[in-house]
Amino acid sequence: IRELETCGTLRVLGRGDYQVLDGDALLRLWVDAHAAKLGPALLLGRYATAVDSDFGFLIQQARAELAGDVVIGGEVAADMLTQHLRPGLLRLYLPEDRAGDVRRKLRLAPSEHGTVELCALYSPEIAGTEPILGVPVVDPVFVYAELMADGASRLAETAVRLRQKHLAWTL
């Protein structure tokens with residue numbers, strides 16, 4: 001925090017209160033840190049599924065297995081937030097100790113080319129403020145970092161739309 005304050009990215013207003021002075025710089029730092037550290041640390045595995053890209057079915061099954069303790073991220077979350085992406089990958093954040101149960105329930109097989117990623121839900125606070133269609137979705141700043149970390153141009157275009165619609169404070 002002190003480093004961010006020193007470089008003029010934010011101002012400390014009081015205990016736990018901050019004013020963002022340079023939203024663009026703060027977002028760039030977040031994207032870089034997510035790609036380098038957080039994203040890889042949270043990844044539990046990538047999997048192939050028998051239902052291919054029926055992500056709605058997989059989400060319902062995961063929510064039933066975890067009694068709602070699952071949060072949607074990545075491309076599916078980006079599509080839910082922007083309605084501008086045909087998702088090719090489902091990223092589910094869930095309690096790490098329940099990953100085996102979900103893999104069995106969803107009949108997921110390890111595959112580096114699979115269409116489902118399971119990630120550790122290290123904190124329920126990564127969920128955005130309001131579920132979309134009853135499904136908790138990670139915060140837009142988290143989705144933005146996920147899209148930018150991939151490097152694909154189709155995802156970068158969606159990231160721009162996401163930023164304009166949900167992260168105007170960074171512009």
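Me: How many bridges join strand S3 to strand S7, and do they run parallel or antiparallel?

Reply: This is a predicted model. In it, strand S3 (residues 43-49) and strand S7 (residues 116-120) are joined by four bridges. The two strands run antiparallel. One residue pair to look at is Gly45, which stands opposite Leu118 in S7.

Me: In what order do the strands of the sheet lie?

Reply: Read across the sheet: S4-S5-S7-S3-S6. These five strands form an open sheet, and the pairing is mixed. At the edges are strand S4 (71-73) and strand S6 (108-110), each pairing on one side only. From one strand to the next, the twist averages 35°.

Me: Which strands does helix H2 touch?

Reply: Helix H2 (residues 23-42) packs on the sheet and touches S3, strand S5 (90-94) and S7. Its direction makes about 60° with that of S3.

Me: And which strands does helix H3 lie across?

Reply: Helix H3 (residues 55-66) lies across S3, S4, S5 and S7. Against S5, helix H3 runs at about 10°.

Me: What span should the twelve residues of H3 have?

Reply: Use the rise of 1.5 Å a residue: the span should be 16 Å. The end C-alpha atoms of H3 are 16 Å apart, which agrees.

Me: How do I read the faces of a helix?

Reply: Start from the general idea. An α-helix has 3.6 residues a turn, so residues three or four places apart point the same way. Now list the buried residues of H3: Phe55, Leu58, Ile59, Ala62 and Leu66. Seen down the axis of H3, these residues fall within an arc of 100°, so they line one face of the helix.

Me: Which exposed residues does the face of H3 turned away from its buried side carry?

Reply: That face carries Gln60 and Ala64.

Me: What covers the buried residues of H3?

Reply: Both strands and helices. The cover includes S3, S4, S5 and S7, together with helix H4 (74-82) and helix H5 (99-106).

Me: What phi does Ala67 take, just after H3?

Reply: A positive one, of about 50°.

Me: Back to H2. Is His34 buried or exposed?

Reply: Apply the cut-off: buried means under 20% relative accessible area. His34 lies in helix H2. The relative accessible area of His34 is 5%, so His34 is buried.

Me: Which residues does His34 touch?

Reply: Leave out residues up to four places away in sequence. His34 then touches Gly39, Pro40, Phe142, Ala145 and Glu146.

Notes: Residues numbered from 1 in each chain as written. Predicted model: local features only at pLDDT ≥ 70, side-chain atom pairs only at ≥ 80, totals over all residues. Heavy atoms only, no water. Pairing = 2+ DSSP bridges. Axes fitted to C-alpha atoms, helices over the stretch in contact; angles between N-to-C directions. Contact = heavy atoms within 4.5 Å. Expected span 1.5 Å × (residues − 1). Buried < 20%, exposed > 50% of the residue type's maximum accessible area, 1.4 Å probe, protein only. Arc of directions from axis to C-beta.
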